[in-house]
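Please read the points below with the structure open beside you, taking one point at a time. They are meant as a colleague's notes on how some of the pieces fit together.

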Amino acid sequence: MQTSLTQPTGLKSEICSEENIAFLMLSEVLRARSQDILDNLKNEQIDIARLRRLALHMRLSADDLIRGSGLLKRTHNSKSSSSLDNGTEPASLQAIFDLCLIAAKNRLDEMNIVLESDEAPSDLFVSGNPWEIAYAFFATLQKAGKAQRRFDLEGVSPAAGTNPISTLKVGIEIADGFVDVCIPSDTPIDPHFVDSTFGSDSATNMTSQEWYCFRRLLENNNVHIHVQICEKGRGTRYCVILRLPTFQPGYEEPIDFLKASSGFVDSSQEN
């Protein structure tokens, strides 16, 4: 079972910019939407209706975060990642996943990687901050994409002028009371995951500081992470699994998620 997060010796919790995560995710979404608008304007026939939808989405996304911002820093007890604000509707898994895919597809496209994904259910909801959960997905996909791009370019001569295109497929497995989002990766992402064929010094992994803040973000939103070896040798070797407790309308309190995930082992304690 994944153990509770403990602060590493000599590492201050102040290094984690948790209150900026939602705005960082918004920036990625607006960046992707801006590119969509530019691509649309390059077409001979401009889709005005699509441009209006993109602009409206950008405005609504910004309005959502403006409502929660201000000059005063919120206390820990009032953080939306710890509990839902009064009157705030829980977000559906599909809405959170769509938010992540908007940004991730744009970033991976720049790496010549096509992002594919199983369809997220629209009738399952999660508690926590939807922007932060979406960013957790996005950050994992971006790390996996960078590792895959590095793998794609291995052995390719710069003089050849080739720019290989590959695919990254995200899996979604639905169970009673929780959902597993599985992201394949050529790097374990976890800097403490030691594999005899890989080591622990990959530049594509998170640093210890990044990993601590990432785990802290996940824990604040009741998301658990598990890294396991999926394949040996060349190709995709790791599966990064993000598990979220889910509920349906009328059952707002998630189940005791830890019981459901008793089969998981903390990757930092393995090997």
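Which residue just after α5 takes a positive phi?

1. The residue in question is N222, which follows just after α5 and has a positive phi of about 60°. Please keep in mind throughout that this is a predicted model.

2. Helix α5 covers residues 208-220, and its length can be checked with simple arithmetic. Because each residue should add 1.5 Å, the 13 residues of α5 are expected to span 18 Å, and this agrees with the 18 Å that separates its end C-alpha atoms.

3. Several residues of α5 are buried, namely W211, Y212, C213, F214, R215, L217, L218 and N220. The elements that cover these buried residues include helices α1 and α4 together with β6 (224-229) and β7.

4. One of those covering elements, α4, can be followed in more detail, since the axes of α4 and α5 come within 10 Å and cross at roughly 145°, in a crossing that is left-handed. On the α4 side the contact involves E132, Y135, A136, A139, T140 and K143, which meet E210, F214, L217 and L218 of α5. Sorted by type, the residues of this contact are 6 nonpolar, 1 polar and 3 charged.

5. Helix α4 (residues 130-153) also meets helix α1 (residues 21-42), where the two axes come within 8 Å and cross at roughly 65°, again with a left-handed crossing. Here I21, A22, L24, M25, L26, E28 and V29 of α1 make contact with W131, E132, A134, Y135 and F138 of α4. The residues of this contact comprise 10 nonpolar, no polar and 2 charged.

6. The largest nonpolar core has 51 residues, and the members that touch the most others are F137, L168 and V181. The elements that each give two or more residues to this core are the helices α1, α3 (93-110), α4 and α5, and the strands β2 (113-117), β4 (166-175), β5 (178-185) and β7 (238-245). If residues up to four places away in sequence are left aside, F137 touches I96, F97, C100, V181, I183, L242 and L244. As background, nonpolar side chains tend to be buried together in soluble globular proteins.

7. A last point concerns Q142, which lies in helix α4. Is Q142 buried or exposed? Q142 counts as buried because its relative accessibility is 19%, and the cut-off for buried is under 20%. Leaving aside residues up to four places away in sequence, Q142 touches R107 and M111.

Note on methods. Residues numbered from 1 in each chain as written. Predicted model: local features only at pLDDT ≥ 70, side-chain atom pairs only at ≥ 80, totals over all residues. Heavy atoms only, no water. Axes fitted to C-alpha atoms, helices over the stretch in contact; angles between N-to-C directions. Helix = DSSP H or I, 4+ residues; strand = E, 2+ residues; numbered from the N terminus. Left-handed = near helix turned anticlockwise from the far one by under 90°. Contact = heavy atoms within 4.5 Å. Nonpolar A, V, L, I, M, F, W, Y, C, P; charged D, E, K, R; others polar. Core = buried A, V, L, I, M, F, W, Y, C linked by side-chain atoms within 4.5 Å. Buried < 20%, exposed > 50% of the residue type's maximum accessible area, 1.4 Å probe, protein only. Expected span 1.5 Å × (residues − 1).
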